Amino acid sequence: MACLLEAPLRISVLSEVTATSRHYVDRLFDPDPQKVLQGVIDMKNAVIGNNKQKANLIVLGAVPRLLYLLQQSSSSLELRTECAVVLGSLAMGTENNIKSLVDCHIIPALLQGLLCPDLIFIEACLRCLRTVFISPVTPVQLLYTDPTVIPHLMSLLSHSHRTQEYITQIFSHCCKTPEHQTVLFNHGAIQTIAPLLISPSYKVRMQALKCFSVLAYENTQVSMTLVNVLVDGELLSQVFVRMMQRDQPIEMQLTAAKCLTYMCRAGAIRTDDSCVVLKTLPCLVRMCSKEHLLEERVEGAETLAYLMEPDVELQRIASTTDHLVAMLADYFKYPSSVSAITDIKRLDHDLKHAHELRQAAFKLYASLGSNDEDIRKKITETENMMDRIVSGLSESSIKVRLAAVRCLHSLSRSVQQLRTSFHDHAVWKPLMKLLQNAPDEVLVMASSTLCNLLLEFSPSKEPILESGVIELLCSLTQSESPALRVNGIWALMNMAFQADQKVKVEIVRCLGTEQLFRLLSDPDTNVLMKTLGLLRNLLSTRPHIDQIMSSHGKQIMQAVTLILEAEHSIEVKEQTLCILANIADGNTAKELIMTNDDMLQKIKYYMGHSNVKLQLAATFCISNLIWNEEDGSQERQDKLREMGFVDILHKLTQASDSNLSDRAKTAMQQYLA
């Protein structure tokens with residue numbers, strides 16, 4: 001019976017709430033403008049801090065009426081301003097509130113309101129626009145739909161501290177793409193916003209700084225312009241340096257460090273500039289220490305990782321600054337049982353976001369260890385580091401998994417680590433698991449790492465081979481993504497290097513000749529180069545060469561012909577001629593060249609080519625064909641003499657390149673022996 005009574009009870013409570021809310025909405029339709037104004041003011045007081053009331057008013061249709069009153073020229077300025085304030089308050093509620101406001105076309109209505117000359121009304125409209133635009137559910141493109149909006153906002157920047165704060169905040173939240181950066185740049189954002197960096201208002205300075213960080217991110221044009229900007233006679237980069245001083249709020253230090261980081265990465269500031277080495281880098285390292293809030297540590301670590309990613313010198317400096325490598329180990333122990341967090345809300349927040357710390361630590365370790373062997377050693381010797389990476393590979397958060405595999409990839413560039421830590425912790429097992437069904441982003445990193453684990457000196461190579469990896473790699477070569485095709489074929493190439501015949505046969509069987517030849521005509525040069533590398537590794541040692549050429553010789557010779565005839569780079573042609581030289585080293589395989597006059601003419605052409613690498617590879621090919629100690633060498637020598645090869649070899653013995661002349665002399669000796 002209780003269940004039956006419960007429903008009517010709920011309905012009566014809801015109808016009560018709705019009744020009081022409806023009263024507020026009904027007053028908006030009163031014919032007396034004074035009562036309408038009082039109704040809006042009462043509504044404003046009722047919704048402050050009351051999300052339930054906000055939701056009720058939206059459901060009851062308050063928004064279209066408020067927008068109507070806001071846009072009516074017959075409404076008093078006071079009424080229009082109060083409407084903007086209430087709408088701003090409704091926007092402060094849940095994401096659903098924002099969606100409802102956007103669906104009611106609040107943005108064009110408020111942007112239209114900015115054309116009014118009254119500053120208080122403009123500020124109310126901007127405050128509401130700011131609240132709507134900083135929500136992740138608002139489509140930022142709505143700011144750029146009307147081309148007159150951005151220049152008008154720029155012109156309003158000089159009106160008051162409030163317009164400066166709200167407009168720069170709108171810009172920093174709505175600048176998401178290179179196109180957005182260009183629009184703001186072309187409308188004079190840099191010159192207009194730069195003076196705000198020395199505003200007496202902290203909020204204005206902070207929002208202007210955030211604007212510069214989003215404008216400069218991966219944008220060379222903006223960064224190169226920023227370098228030369230003067231603010232009150234001082235270079236902008238020096239203004240940023242001042243903002244990084246320890247006595248400034250953390251938010252400001254971090255954002256200024258981001259600005260300089262982005263300018264440096266865009267090539268506007270040298271990596272050895274003192275403002276990077278002595279100011280930005282130490283500031284970011286400082287942000288990683290445990291006295292900072294979780295989000296500050298995350299942002300500090302991720303920005304630092306980005307700053308030094310391409311520069312080995314910065315990586316070395318960072319690795320010896322403030323015990324950074326050991327400091328990052330704390331990112332995995334957070335929040336600890338003895339955590340100093342007494343604020344329960346903060347603790348709850350941090351527990352939910354602790355994975356972001358692990359992600360940031362992995363990213364920073366990956367960046368630190370991407371070049372220097374000593375740093376990699378330092379990282380792997382940090383307490384339980386390899387176990388942490390292995391755990392990271394199977395975390396529920398995709399971002400942590402990606403960062404962990406990035407870190408593993410960075411460390412896998414070390415021969416020593418492949419032979420020690422990687423082997424001791426059997427990292428190939430979780431890596432293989434990760435490769436089973438991961439998004440492309442993770443697959444690219446994981447397969448890159450696998451390429452390194454399959455190098456011939458890696459102890460992991462054997463167990464990986466036994467785990468049935470060939471099929472997985474062959475499937476990667478059929479991917480839509482060029483990066484995955486490259487990694488799939490690259491791993492197979494590494495696997496085929498000095499491999500047993502059984503492994504090579506399995507690669508050819510699993511890949512299939514059709515797919516192999518499809519890859520040889522891949523539009524991506526990297527894929528083509530790695531496929532040629534695979535073919536070259538498959539065609540090494542005579543029994544293997546003869547066996548593969550006896551079953552696939554016709555197609556391989558056809559592919560070689562097509563590549564040598566097409567417009568390809570020197571590197572591609574050199575690799576192809578090296579494959580031909582390997583074929584020429586086979587016992588029976590060499591006949592496929594000797595009976596193909598067209599191919600012999602091509603070799604002759606490349607012996608006389610202007611590029612030494614191609615001459616060397618072609619001469620190597622002839623050298624293998626005429627080698628004395630092999631059956632039928634006399635007949636081959638005679639045929640090649642008739643075709644004019646001896647004359648070319650004789651000429652090449654005088655070549656200025658010593659490698660080429662030596663190779664030609666060695667070949668000539670076969671005729672003299």
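How many nonpolar, polar and charged residues make up the lining of the largest cavity? The legends below take up this point and several others in a predicted model.

**View 1. The largest cavity and its lining in the predicted model.**
The residues around the largest cavity divide into seven nonpolar and two polar, with no charged residue among them. The space in this largest cavity comes to about 40 Å³, and its lining is made of Val508, Thr513, Leu516, Phe517, Leu535, Leu538, Ile548, His552 and Ile556. Three helices each supply at least two residues of this lining, namely helix H33 (513-519), helix H34 (525-538) and helix H35 (542-565). The count of cavities of 30 Å³ or more comes to two, and the other one is shown in the next view.

**View 2. The second largest cavity, with a volume of about 30 Å³.**
The lining of the second largest cavity consists of Ile507, Val508, Leu511, Gly512, Thr513, Leu516, Leu534 and Leu538. Helix H32 (501-511), H33 and H34 are the elements that give two or more residues to this lining, and the largest share, three residues, comes from H32. By class, the residues lining the second largest cavity divide into six nonpolar, two polar and no charged. Val508, Thr513, Leu516 and Leu538 appear in the lining of the largest cavity and also in that of the second largest cavity.

**View 3. The largest pocket, holding about 1,400 Å³ of space.**
The lining of the largest pocket comprises 39 residues, and those that lie nearest its centre are Tyr217, Lys258, Tyr262, Glu302 and Thr303. By class, this lining has 12 nonpolar, 13 polar and 14 charged residues. Among the helices that each supply at least two residues of the lining are helix H10 (161-174), helix H11 (178-186), helix H13 (202-216) and helix H21 (344-368), while H18 gives the most, with eight residues. Helix H24 (398-411), helix H28 (440-453) and H16 are also elements that each supply at least two residues to the lining of the largest pocket.

**View 4. An aromatic cluster formed by Tyr217, Tyr262 and Tyr306.**
The count of aromatic pairs in the model comes to six. In the pair of Tyr262 and Tyr306, the ring centres are 5.9 Å apart and the planes stand at 75°, so the pair is edge-to-face, an angle over 60 degrees being the cut-off for that class. This pair links distant parts of the chain, since Tyr262 belongs to helix H16 (residues 250-265) and Tyr306 to helix H18 (residues 294-308), with the two positions 44 residues apart in numbering. Tyr262 is buried at a relative accessible area of 11%, and Tyr306 likewise counts as buried, at 16% relative accessibility. Of the cluster members, Tyr217 and Tyr262 are also listed with the residues nearest the centre of the largest pocket.

**View 5. Charged side chains over the rings of Tyr306 and Trp490.**
Arg265 lies over the face of Tyr306, at 4.3 Å from the ring centre, and Tyr306 is the ring that pairs with Tyr262. Elsewhere in the model, the charged end of Lys530 sits over the ring of Trp490, 4.3 Å from its centre.

**View 6. Two loop residues with positive phi, His323 and Gln498.**
Most residues other than glycine have a negative phi. His323, which is not a glycine, has a positive phi near 50° and lies in the loop between helix H19 (312-319) and helix H20 (324-329), where it counts as exposed at 67% relative accessibility. Gln498 also has a positive phi, of about 50°, although it is not a glycine, and its place is in the loop between helix H31 (482-496) and H32. With a relative accessible area of 61%, Gln498 is exposed.

**View 7. Buried cysteines Cys175 and Cys578 in a structure with zero disulfides.**
The sulfur of Cys175 is 7.6 Å from the closest cysteine sulfur, that of Cys211, which is too far for a bond, given that a disulfide requires cysteine sulfur atoms within 2.5 Å. Cys578 is likewise in no disulfide, and the nearest cysteine sulfur, in Cys621, is 9.4 Å away. Cys175 is buried, with a relative accessible area of 8%, and Cys578 counts as buried at 13% relative accessibility.

Key:
Residues are numbered from 1 along each chain as its sequence is written. This is a predicted model: local features need pLDDT of at least 70, side-chain atom pairs count only at pLDDT 80 or more; totals for chains, interfaces and linings use all residues. Side-chain values use heavy atoms; hydrogens and water are left out. Rings of Phe, Tyr and Trp (its six-membered ring) pair if their centres lie within 6.5 Å; planes under 30 degrees apart count as stacked, over 60 as edge-to-face and the rest as tilted. Helices (H or I, at least four residues) and strands (E, at least two) are DSSP runs, numbered from the N terminus. Buried means under 20% relative accessible area, exposed over 50%, partly exposed in between (1.4 Å probe, protein chains only). A charge sits over a ring if NZ of Lys or CZ of Arg is within 6 Å of the ring centre and within 35 degrees of the ring normal. On a 1 Å grid over the protein atoms alone, a cavity is a set of points where a 1.4 Å probe fits but cannot get out, and a pocket is an open set with protein on both sides within 12 Å along at least five of seven lines; lining residues have an atom within 4 Å of a point. Grid points are joined across faces, edges and corners, and a volume is the space filled by probe spheres set on the points. Ala, Val, Leu, Ile, Met, Phe, Trp, Tyr, Cys and Pro count as nonpolar, Asp, Glu, Lys and Arg as charged, and the others, Gly among them, as polar.
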